[in-house]
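Visitor: I am new to this structure and would like a close look at one part of it. Could you take me slowly through the charged pairs, and then through the elements that lie around them?

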Amino acid sequence: MNLLALALAVCALPAGSAASLPGDAPVCLDSSQNCIDAPVNWEAGGSMLEYTANANPAMTEVPVRIFPASLHQTGKTQLTPLDLSEALSLPYPATAPNLLASFIEVKAGESLETGVEHATSQSFYVMRGKGSSVTRAGLVEWSRGDLFVLPYLGDTAPSVCHSSPMVVGRQCVRHVCESDDEFGSCSLYFVHDEPLLQYLGARPVDTRRFQPAMYPGTVMLETVGNISPVDEFTGEVRNRRGILLSSQDSTQTKTLTPTLWSLLNSIEAGATQAPHRHNSVALDLAVVGTVPSVGGAEGDGTSGGIVYTLLGRELDANGAIVRPLKVEWESGGVFVTPPGWWHSHHNEGNSTAWVLPMQDAGLYTHQRTLDIRFQAEETQRLQNGVSRGATLDIQKSDIENKVKGASKNVRELDEQEGGSETEGDIKPLVAGTIMFGHCGHA
């Protein structure tokens, strides 16, 4: 190729592409962030670390943090991110590594636009007021206690946001508050998974992973109310009644979205919910918790006494949380439960308390790493000196039955062939096995 032909070929390339000389690596033609200048020093981009000193790297932890209800009780129109990016050492807003929670407050008669660049899931829970939200999927009307979710809707649907360059063209929603009798403003609890995609440097595909959905508050309360207060198997009084909010598209994980998990959970007066833990973070909204007033009606934000959660890193052999922190529930406030921490809920009031946790457990459930554990089972293991490693303990009996069935099949086959091997002689399954036994491997 002569120099004139090469020059013409380079000029004909579109912006952001690369040219190649015969036998050479592509050469960057512009300053695009995704364009790599040649030559590339491949060895300079990596490092080699000694395993034992670096297998469990020192990282910033998800902190226990409380965000008071006063943040969305100002009577003003504003978006308040519950941002812990500094504590997490992240260069973008985040309440947890995978999630960002915010309070949306809209003064009655006004509107507010919220936008995200590339989130796969957006969830909105109405804490107060009555109004509507214009989304790229259509209009949704809401009132107190409702929850609605939106998937990534692609880039072709017309934008509904026009107030600021920060939201125009984004996966935006325009919220309008019609009325509120308490603070003169509507408030919504807003959670999405954009921090996860920012960490990955990724964006969703245009295909919807789930359909937009509304979970009416009245129906949710009615559904919880229809749950028997007495366990039909044990005959014991339930210390909790709650419902998982699931998408029809999450057939296996039973979660709100592929990343988000949520539960509307009630705690009866005088009840305690024993310690449990899970690998997902929980951004807990105290829908109804502790308030100074006494004697209020259920559902109006009063429980008549102290409602709180105990949190700690460890559980002792007696099932007690070691050196727990105490977080009191404030109606309308949010507190962060770090991943892996044991926590128990306590209602010392005289009426039902309610909590709505938002977790990244959709992701963990899909990965089979949620590893939720409960006090009774874990205490038994500790007392027996057993440490469980598997994250799907509930399937243990199924696995044992399959192994026993495999052994039985092998013995029966040996008897048919005149074999005399004992169970201890049975050969293990090997990679590529497509049937139980050792007679046929593929």
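Guide: What follows begins with the salt bridges and then turns to a helix and some strands.

Please keep in mind that this is a predicted model. A search of the whole structure finds 12 salt bridges, and a good place to begin is Arg128, whose side chain meets that of Glu105 in a salt bridge with N to O at 3.8 Å. Arg128 belongs to strand β7 (residues 121-128) and Glu105 to strand β5 (residues 100-107), so this pair ties together parts that are 23 residues apart in sequence. Both Arg128 and Glu105 are buried.

Arg128 also forms a salt bridge with Asp180, and here the closest N and O atoms are 3.4 Å apart. This second pair links distant parts of the chain, since Asp180 sits in the loop between β11 (173-179) and β12 (185-192) while Arg128 is in strand β7, 52 residues apart. Buried means under 20% relative accessible area; Asp180, with a relative accessible area of 16%, is therefore buried, and Arg128, with 5%, is buried as well.

Another pair is formed by Asp155 and Arg203, whose closest N and O atoms are 2.3 Å apart. Asp155 lies in the loop between β10 (147-151) and β11, and Arg203 in the loop between α4 (194-200) and β13 (213-215), so the salt bridge ties together parts that are 48 residues apart in sequence. Asp155 counts as partly exposed, at 43% relative accessibility, and Arg203 is likewise partly exposed, with a relative accessible area of 42%. Elsewhere, salt bridges that share partners join Arg277, Asp371, Arg373, Glu378, Arg381 and Arg388 into one network.

Two members of that network, Glu378 and Arg381, bring us to helix α7 (residues 375-384), where the buried residues are Glu378, Thr379 and Arg381. These three cover an arc of only 160° around the axis, which means that they are on the same side of α7. On the other side of the helix, Ala376, Gln383 and Asn384 are exposed. The buried residues of α7 pack against three strands, namely β19 (314-315), β23 (342-347) and β25 (373-374), and just after the helix Gly385 takes a positive phi of about 70°.

From the helix we can move on to strand β17 (residues 282-288), which is mostly covered, with seven of its seven residues buried. Strand β17 is joined to strand β22 (residues 334-337) by four bridges, and the two run antiparallel; within this pairing, Leu283 stands opposite Val336 in β22. Strand β17 is also joined to strand β24 (residues 353-359), in this case by six bridges and again antiparallel, with Leu285 standing opposite Leu356 in β24.

Val336 appears once more among the contacts of Leu311, a residue of strand β18 (residues 307-312). Leu311 is buried, with a relative accessible area of 0%. Leaving aside its neighbours within four places in sequence, Leu311 is in contact with several residues, including Ile321, Pro324, Leu325, Val327, Trp341 and Trp342. His343 is also one of these contacts, and although Leu311 and His343 are 32 residues apart along the chain, their C-alpha atoms are separated by 4.4 Å.

Terms used:
Residues are numbered from 1 along each chain as its sequence is written. This is a predicted model: local features need pLDDT of at least 70, side-chain atom pairs count only at pLDDT 80 or more; totals for chains, interfaces and linings use all residues. Side-chain values use heavy atoms; hydrogens and water are left out. A salt bridge is a side-chain nitrogen of Lys or Arg within 4 Å of a carboxyl oxygen of Asp or Glu. Buried means under 20% relative accessible area, exposed over 50%, partly exposed in between (1.4 Å probe, protein chains only). Contact means heavy atoms within 4.5 Å. The arc is that of the directions from the helix axis to the C-beta atoms. Two strands pair if DSSP finds at least two bridges between them.
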